Amino acid sequence: MKGIKTTIAAVAALLAAGSAHADPVKVGMITTLSGGGAGLGIDARDGFMLAVKQANNPDLQVVIEDDQRKPDVAVQLADKMIQQEKVDVLTGIIWSNLAMAVVPSAVAQDKIYLSVNAAPSQLAGKGCNKNYFSVSYQNDNLHEAAGGYASSAGYQKAFILAPNYPAGKDSLAGFKRFFMGDIAEEVYTKLGQTDYAAEIAQIRASGADSVFFFLPGGMGIAFMKQYAQSGVDIPLIGPAFSMDQGILGAVGDAALGVKNTSNWSKDIDNPTNAAFVETFQAEYGRLPSLYASYGFDTANLLLSAMGKASISDKEAFRDALRSADFNSVRGNFIFGPNQHPIQDIYVREVVKEGDVLTNKIVGVALKDHSDAYASECSM
Amino acid sequence: MFSLFLEQLLNSLQSGLMLFLMASGLTLVFGVMGLINLAHGSLYMVGAFACAAVAAWTGSFWLGLVASVMAAALAGVLVEMLIIRRLYNRDHLDQVLATFALILVFSEGTRWLFGSFPLFLSVPDILTGTVVLPGALEYPIFRLAIIIAGLLVAVGLFLLIGKTRLGVRIRAGEADRGMIAALGVNIDRLYTVVFALGAALAGLAGAFVGTTQSVQVGMGEPVLILAFVVIVIGGIGSIKGALVGSLLVGFTDTMGRFLLPHAFATFLDPSSATAIGSALASMLIYIVMALVLFLRPSGLFGTEA
């Protein structure tokens, strides 16, 4: 008797699913889940999967693989996902060098790629593609905003610092694009460097009135701890990456008061964001990070497109994505002509809420900001 | 300018001494047992995580420091008795493969225990702040403390090797392994002790460095590479070589990062001077290594193979 009931229930469920939408969408998520940078990938995945779980849409299937932060592994995984798993949409890559290895060939095979983080300039300008959408930002955005903020805060002479690799150079270029004052000194450090004593000594001697630094991951933790220990008190400004929720705990009180620029913050005032922060915390027992918010928005963007169009009609599906008709944790969400967001970028300050270090919005650095490459994109 | 220069000299000394803590263990293990241990960086990570975990749990950095040495030494003993012991008579390729596997085991094991996010470890209150040195130079007390601790460990290690019975055995082991076994020295135990000593030094370095950097999975590998550069420069197996090599690498790296961009700026425009200077600075220690190898193929204090 019980057997018959379950069978009927299953048939009913199948029929119900069949009547709603014809084509299931299969998503391949390639992200960093092991090794040094795993915290970022795990956050992006958890944010994405939270939205998937909340939507509970039986037509959406997700396959997740770990790229170990290695471009060759990412390429292999992408090939496997496209040829073997037959995914329709790819997403998940955190690092720009991995994105450059995977995205151009994936979009050329007519797969849609939604970026949860990495958005190198090469894919925003001449190399833009109708199948490529960046949900997060364009790489330069937060650095440009930091330059804009430093100018409006009245700083005249900035010491600027980034690792010696393409994203580091883009960062300093982005800062200078919007900073009106003088540059006291421009320093490139080794990628992965963990001791900044030599650079901090130069900062002390430079006579600058502000320090802009872009040192993602462990480099930023090391720099901020050593900066606080050094007794130098020139104010620090940076993009959100070094002041993000995942690493603030490791930096400790050394981060208090540091200004950073971000397109998301947990105190952006809209109901979607409030619900996201609350449900993320309930589900995973920690505060969401920037990367978690990008993952969450990416999944909701995809789900919104699935509600409007079928994946078998690629043109219509892309149009549905382009209209970005979903509730973003950042409030209003609009794509520019190169399919990168046009958005407000905020200035945040690191504060302590009880025992937990987190960020609070203190102003808007750039309003409705696009990027420097959109005009070069012809789609 | 003078105080900036002096500050950079102190920074060089500090980074050199921390490298020495890593390199001395690596070179001892190679000198005595003829083993290439890629997992040395993992022992450094074990030290840092043990210090961070115990400091967070008890609220005392000093207990954390003790824990870092003990945890790394214990990990060293276990690894030596369970795995490394089987590798002494194998060729170097087998040793490299097996100890590389150990890196993966340690990394994923640490992630499994502590999660993927970096841990917090900070300087104890008594060592925070700065002190004013001659030349109106403000220098962090903690870095000064690391310099002093590094010097003490270096002196202690030289006394241990030069003046004690264990030291005699270690030197004898380096000279002729077969002979000291024939003379009735328990060679298995000697190997375990040497490995644990090297591991403890790496763990101590991990705890010191962890307070100024980030305690995270994979933190050991970049240091491991530098430590290998040091022992190649100093001569593999030589503690004196490790000390000289560490200081040389510390000075070359710090001063290169500081001076090269300025040197190029005297005849190039600022942005290309920065770009070329910092690119060259990051290669400088390898250039020094190549030069040393060219002039003295077995390193500064190495014995001819």
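## Two chains, sheet by sheet

Buried residues account for 55% of the 379 residues in chain A. Keep in mind that this is a predicted model, so everything below describes computed geometry.

**The overall picture**

Chain A carries 12 helices and 13 strands. With 379 residues, a compact globule would be expected to have a radius of gyration near 21 Å, and chain A agrees, with 21 Å. Its C-alpha trace spans about 80 × 45 × 35 Å along the principal axes. As for how the chain folds back on itself, take the contacts in chain A between residues at least 6 apart in sequence: 71% of them join residues at least 24 apart.

Chain B is built from 11 helices and two strands. Starting at the N terminus, its elements run α-α-α-α-β-β-α-α-α-α-α-α-α. Chain B has a radius of gyration of 20 Å, close to the 19 Å that the globule rule gives for 305 residues, so it is as compact as a globular protein of that length. The C-alpha atoms of chain B fill a box of roughly 65 × 50 × 35 Å along the principal axes. Of its 305 residues, 52% count as buried. Among contacts in chain B between residues at least 6 apart in sequence, 76% link residues at least 24 apart.

**The parallel sheet of chain A**

Five strands of chain A make an open sheet with parallel pairing, in the order β2-β1-β3-β4-β5. At the edges sit β2 (60-66) and β5 (132-134) of chain A, each pairing on one side only. Neighbouring strands of this sheet are turned by 20 degrees against each other on average, direction ignored.

Inside that sheet, β1 (residues 25-31) and β3 (residues 89-91) of chain A pair in the parallel sense over three bridges. If you want a spot to look at, Val27(A) has Val89(A) in β3(A) as its bridge partner.

Two helices lie across strands of this sheet. α2(A) lies across β1 and β2 of chain A and runs at about 160 degrees to β1(A). Helix α11 (residues 290-308) of chain A lies across β1, β2, β3 and β4 (112-115) of chain A, at about 145 degrees to β4(A).

**The antiparallel strands around β12**

Further along chain A, β12(A) turns up in several pairings. Here they are side by side, each with one pair of facing residues.

| Strands of chain A | Sense and bridges | Facing residues |
|---|---|---|
| β10 (259-262) and β12 (341-353) | antiparallel, four bridges | Lys259(A) and Glu349(A) |
| β11 (334-335) and β12 | antiparallel, two bridges | Ile334(A) and Ile342(A) |
| β12 and β13 (356-369) | antiparallel, 10 bridges | Glu353(A) and Val356(A) |

Two hairpins come out of this arrangement. The hairpin of β11(A) and β12(A) has five residues between the strands, and Gln339(A) takes a positive phi near 60 degrees there. The one formed by β12(A) and β13(A) leaves two residues between the strands, and Gly354(A) in its turn has a positive phi of about 65 degrees.

**A closer look at helix α6**

Helix α6 (residues 166-178) of chain A has 13 residues. From its first C-alpha to its last it reaches 19 Å, close to the 18 Å expected at 1.5 Å a residue. Which residues of α6(A) are buried? They are Ala167(A), Asp170(A), Ser171(A), Leu172(A), Gly174(A), Phe175(A) and Phe178(A). An α-helix has 3.6 residues a turn, so residues three or four places apart point the same way. What covers the buried residues of α6(A) includes the helices α4 (96-108) and α5 (141-152) of chain A, along with β6 (157-163), β7 (182-189) and β8 (210-213) of chain A.

**Where the chains meet**

The contact takes 32 residues from chain A and 40 residues from chain B. On the side of chain A that touches chain B, at least two residues each come from α2 (38-55), β7, α7 (197-206), α8 (218-230) and α9 (245-251) of chain A. Which element supplies the largest share of that side? That is α8(A), with seven residues. By class, the side of chain A that touches chain B holds 12 nonpolar, 16 polar and four charged residues.

Some elements come up twice in this tour. α2(A) lies across β1 and β2 of chain A and also supplies residues to the side touching chain B. Likewise, β7(A) is among the elements covering the buried residues of α6(A), and β7(A) supplies at least two residues of the side that touches chain B.

Definitions and conventions. Residues numbered from 1 in each chain as written. Chains lettered and ligands numbered in written order. Predicted model: local features only at pLDDT ≥ 70, side-chain atom pairs only at ≥ 80, totals over all residues. Expected span 1.5 Å × (residues − 1). Buried ≥ 20, exposed ≤ 12 C-beta atoms within 10 Å, placed from the backbone. Contact = placed C-beta atoms within 7 Å. Nonpolar A, V, L, I, M, F, W, Y, C, P; charged D, E, K, R; others polar. Pairing = 2+ DSSP bridges. Axes fitted to C-alpha atoms, helices over the stretch in contact; angles between N-to-C directions. Rg over C-alpha atoms; globule rule 2.2 N^0.38 Å.
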